[in-house]
Amino acid sequence: MRKLLFFAFLWPLFAFGTQVPLSDLIRHAEIEEVKISPEGTHLAIRKIHKGERILLFLSLDDFEITGGLRLKGKDEVGHFYWANNERVITEVMSRRAALETPIFYGTLFAVNFDGSKAKNIFGYLASEMQTGTRLKRAKATYAHATIIDTLPEDKNKILLSTSPWANDWETTGEILKVNIYSGVKTRITGLPQVGRAHSDGLGNVVFATGSNRKGIREIYKKSQKGWEKLENPLLTRGWPTGRDSETGDFYFLIDRPNNTEQLVKFNNKTNQLAPIFSHDNSDISGIIHHPVSENPIGVYLNPDYPEEHFFDEGDGFAAYFRGLKKAFEGYRINFTSFTNDGSLGILKVYGDRLPGDYFLANLKTKKVDFLLSSSEWLAPETLNSMRAESFVTTDNMRIGTYLTFPKGQTKNLPMVVVPHGGPHARDYWGYDQEAQILSQNGYLVLQVNFRGSTGYGDHFYTAGEQEWGGKIQKDIADAVHWAVEKGYADPRKVCIYGASFGGYSALMNPIRYPDLYKCAAGYVGVYDLEMMYKKGDIKRRDRGLAYLNRELSKDKNFLKENSPIHNTDKLNIPLFIIHGEKDERVPVEHAEELLKKLEKEGKPAKSLIVANEGHGFYSEENKMKLYTELLAFLDKNIGIGSAEKSPTKKQ
């Protein structure tokens with residue numbers, strides 16, 4: 001085990017020129033989550049063992065394994081939480097039918113750190129026989145569960161907010177108190193709308209957030225009379241993020257119209273708001289809590305590179321955090337968990353060349369000890385750095401970009417543009433598997449946070465509505481021109497590749513800007529906007545239809561004009577279409593119908609349709625096939641092999 005003193009850590013600065021094997025890059029991280037027990041006696045570690053997610057417990061005295069949990073059949077361990085010093089509650093991930101990707105369907109499982117008293121405590125698998133006894137037994141519940149309070153004062157129970165299984169996704173849930181040993185449930189109250197409840201950390205339900213059938217967000221406050229809807233328009237667009245343990249005031253993260261997010265304090269008695277923190281260019285991506293009081297004392301931001309800002313020194317914790325940032329300069333840090341007394345914590349360190357390392361931090365001695373690496377086979381010095389830059393469009397929108405260069409190269413490179421999904425999502429500075437795969441094979445990777453991306457304020461988010469095929473595509477094309485003008489990219493060797501909405505953009509951008517690209521690859525992409533109203537899981541609920549109406553349009557001419565499948569006459573470059581047959585978000589019919597139309601027009605595309613994958617491939621075998629074929633496709637069109645294989649070149 002590596003040991004290091006505070007302020008004394010430094011990663012190797014030398015670089016190797018060797019290419020990281022694709023097989024290493026597509027591997028799942030081995031260590032996915034590490035948390036310390038409330039009294040600091042044990043570690044709980046979620047890891048992948050022989051292709052399955054399991055839970056291991058280690059004693060901190062001697063680092064010996066004391067127990068573990070490996071679920072049966074197609075079930076695996078998901079996110080977990082220490083409920084008390086001996087017992088962990090874990091979400092259960094299941095592979096439905098033949099689907100490769102494990103999904104959380106609501107079941108919770110509990111186990112002690114010695115592996116004893118293992119039991120389903122919530123979900124459809126939690127039922128027990130009721131005959132022959134008057135004792136209460138666990139019953140099956142067909143719902144998803146969110147743990148909203150581990151009830152530190154009650155070692156035997158937790159508080160859950162539920163969301164029932166329903167075909168229309170419109171059934172409201174309830175709040176339950178569940179015994180973590182027996183699974184017996186006690187109903188506290190129902191929810192006022194589809195969404196979830198929030199507690200004060202002391203076992204009291206105080207708020208419920210969610211939306212109505214039109215997709216409009218609402219917030220309710222719990223009182224002696226029941227649920228009362230809060231009419232403050234700013235708070236309606238908010239989300240509870242913590243409580244001041246001294247004053248009893250609550251912190252909310254609120255969306256401000258035409259502005260960035262703001263952290264505010266809410267007086268539950270007077271309903272008054274007090275501003276705490278906001279940033280000119282960036283939304284708030286996370287809250288830093290004090291290790292003992294759990295009061296919010298700072299925020300995480302991602303304007304370009306990650307930043308942290310403190311508005312409360314937190315009895316010296318802010319200074320300690322800044323010291324850790326200095327020791328791990330150039331990387332991101334956060335704590336996954338602390339002991340109840342705040343003396344020990346699990347520190348995660350990660351960045352563009354590091355998927356994640358875990359350390360045991362002693363907040364009293366200021367010493368940190370290395371524990372585990374999430375992907376120990378990936379050495380930081382062999383991976384490629386990600387650079388954050390930006391440009392301003394002609395209509396004065398600041399567009400953030402991330403550039404990942406092949407090692408030692410920055411000029412006139414073959415470039416792959418990788419627009420993100422969503423479109424209401426964003427790219428971040430950090431380790432990106434696809435950026436590493438592409439850049440390790442000689443390509444400059446350009447990621448673009450186009451208008452409509454999250455993280456840059458309400459005005460930037462709404463600027464993408466009904467602009468899927470319009471201004472969003474112009475932002476992506478402008479980013480390509482910008483990269484060429486900066487001298488980074490060779491304009492003769494540019495391809496575009498993306499997944500989901502990124503797959504849509506991978507085809508729509510060459511339709512709008514045919515002279516920019518030599519090839520395009522769409523992965524689980526949307527190719528027919530009208531089909532989104534007819535197939536897939538979005539259209540199943542009223543909120544989903546409200547989303548489609550807001551984002552797109554009901555007008556069929558608009559939908560056709562902005563759908564790749566109705567503009568294939570403009571697609572005259574090599575295409576690669578990738579999809580999973582079990583995709584529920586974007587059904588495989590999107591790919592199948594597009595491929596049929598291209599075939600009919602005499603422009604057959606390369607394709608890869610995989611039977612047991614969904615909205616994004618999960619198995620390492622299928623990912624190896626995907627990226628092997630993608631790299632060959634890029635190599636043929638813009639890579640080293642493109643000139644050699646060109647039909648115009650003399651052999």
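**View 1. Contacts of leucine 444 in the predicted model.** Setting aside neighbours within four places in sequence, leucine 444 is in contact with ten residues listed here in two runs: Leu403, Thr404, Phe405 and Pro406, then Leu413, Pro414, Met415, Val416, Tyr488 and Ala489. The coordinates come from a predicted model.

**View 2. The largest nonpolar core.** This core holds 53 residues. Leu444 is one of the members that touch the most others. Met415, Val417, Leu446, Trp468, Tyr517 and Leu529 complete that group. Helix α6 gives the most to the core, with seven residues. Another core, of 32 residues, lies apart from it. Among the members of this second core are Val524, Phe576, Leu608 and Leu634.

**View 3. A salt bridge beside α6.** Lysine 486 and glutamate 389 form a salt bridge, with 3.8 Å between the closest N and O atoms. The two residues are 97 apart in the chain. Lysine 486 sits in the loop between α6 (471-485) and β33 (489-499). Glutamate 389 belongs to strand β29 (residues 386-392). Is each partner buried or exposed? Lysine 486 counts as partly exposed, because its relative accessibility is 39%. Glutamate 389 is buried, because its relative accessible area is 15% and the cut-off for buried is under 20%.

**View 4. A salt bridge from loop to strand.** Arginine 70 and glutamate 52 meet through their side chains in a salt bridge, 3.2 Å from N to O. This pair, too, links distant parts of the chain, 18 residues apart. Arginine 70 lies in the loop between β5 (65-69) and β6 (75-82). Glutamate 52 is in strand β4 (residues 52-59). With 46% relative accessibility, arginine 70 counts as partly exposed.

**View 5. A salt bridge within one helix.** Glutamate 629 and lysine 625 both lie in helix α11 (residues 620-637). They are four residues apart, about one turn of the helix. Their side chains meet in a salt bridge at 3.0 Å, N to O. Side chains of opposite charge can pair when their charged atoms come close. Glutamate 629 is buried, at 17% relative accessible area. Lysine 625 is partly exposed, at 43%. Elsewhere, salt bridges with shared partners join Glu32, Glu33, Lys35, Arg46, Arg53 and Glu76 into one network. The whole structure has 28 salt bridges.

**View 6. The open sheet β10-β11-β12-β13.** Four strands make up this open sheet, and their pairing is antiparallel. Strands β10 (143-149) and β13 (185-190) are the edges, each pairing on one side only. Neighbouring strands are turned by 30 degrees against each other on average, direction ignored. Inside the sheet, β11 (residues 157-164) and β12 (residues 174-179) pair over five bridges. Lysine 157 has asparagine 179 in β12 as its bridge partner.

**View 7. Serine 161 in strand β11.** Serine 161 has its place in β11. Where does its side chain reach? The side chain of serine 161 comes to the backbone nitrogen of alanine 197, at 3.0 Å. Serine 161 counts as buried, because its relative accessibility is 2%. Leaving out neighbours within four places in sequence, serine 161 is in contact with His144, Ala145, Thr146, Ile148 and Glu174. Leu191, Gly195, Arg196 and Ala197 are also among its contacts.

**View 8. The open sheet β14-β15-β16-β17.** Four strands form this open sheet with antiparallel pairing. Its edge strands are β14 (194-199) and β17 (226-229), and each pairs on one side only. The average turn between neighbouring strands is 30 degrees, direction ignored. Strands β15 (residues 205-211) and β16 (residues 217-223) pair in the antiparallel sense over five bridges. In β16, tyrosine 220 is the bridge partner of alanine 208.

**View 9. The hairpin of β18 and β19.** Strand β18 (residues 238-243) runs antiparallel to strand β19 (residues 250-254), and five bridges join them. Which residue of β19 is the bridge partner of arginine 243? The partner is phenylalanine 250. Six residues lie between the strands. In this hairpin, glycine 248 takes a positive phi near 85 degrees.

Methods:
Residues numbered from 1 in each chain as written. Predicted model: local features only at pLDDT ≥ 70, side-chain atom pairs only at ≥ 80, totals over all residues. Heavy atoms only, no water. Salt bridge = Lys/Arg side-chain N within 4 Å of Asp/Glu carboxyl O. Buried < 20%, exposed > 50% of the residue type's maximum accessible area, 1.4 Å probe, protein only. Pairing = 2+ DSSP bridges. Core = buried A, V, L, I, M, F, W, Y, C linked by side-chain atoms within 4.5 Å. Contact = heavy atoms within 4.5 Å. Axes fitted to C-alpha atoms, helices over the stretch in contact; angles between N-to-C directions. Polar contact = N/O pair within 3.5 Å; in protein donor to acceptor, adjacent residues only side chain to side chain.
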